[in-house]
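User: I'm new to this structure and would love a friendly tour. Could you walk me through it?

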Amino acid sequence: MSGFRVAIDGPAGSGKSTISSTIAKTLGWTHIDTGAMYRAVTLQAIELGIDLNDEAAYRFLETCHIHYDHDRIYIDDRDVTEAIRSDKVTRNVSLVSSFPYVRKMLVGLQQAAAKTTGNIIMDGRDIGTVVLPDAELKIFLTANVEERAKRRYAERVQKGKQEPMAQMIEEIVNRDRKDSTREASPLRQAEDAIVIDTTSLTIKDVVKKIIAFIEQKENVHGD
Ligand code: CDP
């Protein structure tokens with residue numbers, strides 16, 4: 001039985017994962033970060049040493065279990081939450097997620113999760129358009145490139161890494177370009193999504209706004 005489904009999409013650094021996770025915790029709902037799933041496939045592909053350009057080599061997905069639960073991501077039973085944030089994974093994830101076969105496998109898992117869980121918030125690039133096209137609420141988060149790069153920079157500094165700002169901007173612009181121009185489910189705003197520009201908003205502001213939208217919709221649906 002599916003409950004209330006919120007789809008949150010947007011480009012790199014728009015705040016999707018942090019915001020979705022905070023809303024889920026506040027409401028006691030399930031959160032799935034689909035970007036973490038694409039990152040896990042990328043990590044596994046790198047570790048297996050397959051040719052990353054060969055779509056057929058991703059058949060390993062038939063026998064491996066990728067699972068997101070309570071802000072942690074697992075490949076089989078191994079917790080790879082930290083490992084999927086490596087530079088090598090970040091550099092290759094847009095390539096890996098451009099393959100229709102990889103997308104078909106992960107979208108299947110994501111749709112199954114939404115069917116078997118109650119209320120859910122899912123964040124990614126194609127949630128409102130492909131994974132949950134009939135979600136009760138769709139949000140598209142944006143922010144200007146400088147602000148998104150600044151957030152990434154702050155995240156890296158927190159992890160003890162310091163990379164030039166110019167490099168952050170380049171990485172974000174590159175990934176946005178690859179994610180928006182690929183053939184299979186490119187990043188794009190669903191027609192019925194509510195757009196929130198987070199450039200000058202705090203996480204708390206955005207969380208509040210989205211919870212207000214959820215409450216509004218729940219009232220309309222009479223839940
Ligand atoms: O770094 P950031 O948190 O912004 O990205 P992410 O959400 O971890 O997603 C990493 C990459 O996975 C994206 O750049 C996309 O290439 C891919 N992705 C996708 O293709 N479809 C999704 N639903 C989610 C992520």
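User: At what angle do helix 6 and helix 7 pack?

Analyst: Happy to start there! This is a predicted model, where local features need pLDDT of at least 70, side-chain atom pairs count only at pLDDT 80 or more, and totals for chains, interfaces and linings use all residues. Residues are numbered from 1 along each chain as its sequence is written, and side-chain values use heavy atoms, leaving out hydrogens and water. Helix 6 covers residues 145–158 and helix 7 residues 165–181, their axes (lines fitted to C-alpha atoms over the stretch in contact) lie 9 Å apart, and the angle between their N-to-C directions, on a scale from 0 to 180 degrees, is about 120°.

User: How many charged residues does the contact of helix 6 with helix 7 have?

Analyst: Contact means heavy atoms within 4.5 Å, and those taking part include Arg148 and Tyr153 of helix 6 with Met168 and Asp176 of helix 7. Asp, Glu, Lys and Arg count as charged. By class, the contact has eight nonpolar residues, no polar ones, and charged residues numbering eight.

User: How many helices and strands are in the chain?

Analyst: Both are DSSP runs numbered from the N terminus: helices are H or I with at least four residues, strands E with at least two. The chain has eight helices and eight strands.

User: What share of the residues of the chain count as buried?

Analyst: Buried means under 20% relative accessible area, using a 1.4 Å probe and protein chains only. Of the 223 residues, the buried share is 47%.

User: What does the C-alpha trace of the chain span along its principal axes?

Analyst: Three extents describe the trace, one for each principal axis. Together they come to about 50 × 40 × 30 Å.

Methods. Buried < 20%, exposed > 50% of the residue type's maximum accessible area, 1.4 Å probe, protein only.
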